[in-house]
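Here are some notes for a colleague who is opening this structure without having seen it before. Please keep the sequence and the 3D view at hand while reading the numbered points.

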Amino acid sequence: MNLHEACGVFGIYSKSEDLARLTYFALFALQHRGQESAGIATSDGKRVQSFARMGLVSQVFDEESLSNLTGHIAIGHNRYSTTGSSRICNAQPLVVGNDENTIAIAHNGNITNTQPLMKELCDNGYTFNTTTDAEVITNLILSSTEKDWISRIRQSMRRLQGAYSLTLMTTDTLFGVRDPLGVRPLCLGKMGDESWVLSSESCALDHIGACFVREIEPGEIVVIDAGRLRSYKEESPKHALCIFEYIYFARPDSIINNRLIYETRSAMGARLAEEYPVDADLVVGVPDSATPAAVGYATRSGIPLGMGLVKNHYTGRTFIAPDQRLRDLGVKLKFNPMRQLLESKRIVLVDDSIVRGTTTPQVIRLLRKSGAKEVHMRVCSPPLCFPCFMGVDMATKRELIATHKNIAEIRDYIGADSLGYLSLDGLVKATGLPNNRFCLACFTGDYPMPVQLEMDKLQHENG
């Protein structure tokens, strides 16, 4: 799996909690959404202070850094770069402006009209210290001629194109903002009587003892100050939630559209078993994202489920590079097969997607070397044929294996005995929602808005 999400965002307003520490643990729960940098900004009503560094949440913060972040408002951010490279100046939250005109932002998504907006702002005297679209959003808000923050944000939303879920903070107010299409998720929670929480996913609410209230609706601005919550909505006729939130990005213990992600992924696996049955001895899910789908496949097919692959969860980000000998081991650094379970077995290998086709052949070879007699590949999404421009660092079109190979050719390339992809209709039905609620562009090429087809995440640095 070679998909990377844009970011995880969080926000909290409370006069009775240790906000920096709560934000730290919430970001820890959202670590899967971004592993390049982490940051927290707080306000005590008079000034905004922030701390952001490269690395995982546990590597960025310590007791000293958290103790210096005081106040009754906080926002937090985990980053995976989609616009702007992975370097310290692009770490969020970003704090822009001065005095009463200060705003901090944590952004999940990707703005597709960043270039013309940046040029316009530069022509009007605004300077940029980063290469991210998040700074374009903040400067666009600051440049608004409207008098109050809500009107300034709304005016800016009408000019932004693309995907964005935002937690914003001024010296005295917390905002939650979701783009009119609702591409990226954002939810609302509550702690006690006067503490409100915003988060990319509901799993972070569980970790800090907050109760899930509802999802922020597409096009909605939520405003929290002095313990009060107000909502400002504009009718959004078209919705386009990223389908990969269900397939891969969101944690299985998160809730989206009032349904547990685990249940949806299990339903995907069940439908895959109906569409592509096979005689086999064992169902193995590629851990961890495909595990619920493997459960669904096994339950519907009647084939036993086995933990044939064990994942090393600590190989994702490290500051110590492996030497060449370890690098040559490739996927064995990430997965360890259980030979005793696999030997002489016909395996159904369930995964969430095949992107470039670089990892899947290694996993299949690993199973065969461990004694698997047959390996039947089952994928819980349709073939990926088009790149994403809405906040997912996926691949260019020429890098996607399904753009230049048919299913039979992909089967031969990855070394599987058979290959079955879940149909688009089966995928959508597994969510329990109509297909007009989703962005399905990576499968269909039908983008919910005009995009620059060869857009590069480093375009503001290379241009």
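1. In which loop does Pro93 lie? Pro93 lies in the loop between strand E4 (73-79) and strand E5 (94-96), where helices (H or I, at least four residues) and strands (E, at least two) are DSSP runs, numbered from the N terminus. The peptide bond that leads from Gln92 into Pro93 is cis, with omega near 5°.

2. Before going further, please note that this is a predicted model, in which local features need pLDDT of at least 70 and side-chain atom pairs count only at pLDDT 80 or more, while totals for chains, interfaces and linings use all residues. Residues are numbered from 1 along each chain as its sequence is written, and side-chain values use heavy atoms, with hydrogens and water left out.

3. As for the overall build, the protein chain contains 17 helices and 23 strands. Its radius of gyration is 22 Å, close to the 23 Å that the globule rule gives for 463 residues, so the protein chain is as compact as a globular protein of that length; the radius is taken over C-alpha atoms, and the rule is 2.2 Å times the number of residues to the power 0.38. Taken along the principal axes, the C-alpha atoms fill a box of roughly 70 × 45 × 45 Å. Of the 463 residues, 58% count as buried, a word that here means under 20% relative accessible area, with exposed meaning over 50% and partly exposed in between (1.4 Å probe, protein chains only).

4. A second cis peptide bond deserves a look: this one joins Pro287 and Asp288, with omega about 0°. Asp288 is found in the loop between strand E17 (282-285) and helix H10 (291-301). As background, most peptide bonds are trans, and most residues other than glycine have a negative phi.

5. Positive phi values can be inspected in the loop between strand E15 (255-256) and strand E16 (259-260), where Asn257 is found. Phi of Asn257 is near 55°, and this residue counts as partly exposed because its relative accessibility is 24%. Asn258 is found in the loop between E15 and E16 too, and its phi is near 65°, again a positive value in a residue other than glycine. With a relative accessibility of 71%, Asn258 counts as exposed.

6. The structure holds 20 salt bridges, each defined as a side-chain nitrogen of Lys or Arg within 4 Å of a carboxyl oxygen of Asp or Glu. One of them pairs Arg159 with Glu120, the closest N and O atoms being 2.7 Å apart. Since Arg159 lies in the loop between helix H6 (149-157) and strand E7 (162-169), and Glu120 in helix H4 (residues 114-123), the pair ties together parts that are 39 residues apart in sequence. Arg159 is partly exposed at 35% relative accessibility, and Glu120 is partly exposed at 29%.

7. Another salt bridge brings together the side chains of Glu234 and Arg154, at 3.6 Å from N to O. This pair links distant parts of the chain, 80 residues apart, with Glu234 in the loop between strand E13 (228-232) and strand E14 (241-242) and Arg154 in helix H6. The burial of the two partners can be stated as well: Glu234 counts as partly exposed at 36% relative accessibility, whereas Arg154 is buried, with a relative accessible area of 9%.

8. The side chains of Asp253 and Arg251 also meet in a salt bridge, with a distance of 2.6 Å from N to O. Asp253 is partly exposed, its relative accessible area being 32%. Elsewhere, salt bridges that share partners join Arg33, Arg184, Glu201 and Glu245 into one network.

9. Returning to strand E4, Gly76 is found there and is buried, with a relative accessible area of 0%. Gly76 and Ser199 are 123 residues apart in sequence, and their C-alpha atoms are 9.3 Å apart in space.

10. Finally, a positive surface patch is formed by Lys332, Arg339, Arg365 and Lys369. Patches are made of residues with over 30% relative accessible area and no salt bridge, like charges being joined within 9 Å and nonpolar side chains (Val, Leu, Ile, Met, Phe, Trp, Tyr) within 5 Å. Within this patch, Arg365 lies in helix H13 (residues 360-369) and counts as partly exposed, at 47% relative accessibility.

Definitions and conventions. Areas by Shrake-Rupley, 256 points an atom, 1.4 Å probe, with all protein chains shown as cover. Lys, Arg positive; Asp, Glu negative; His and termini not counted. Charge placed at Lys NZ, Arg CZ, Asp CG, Glu CD.
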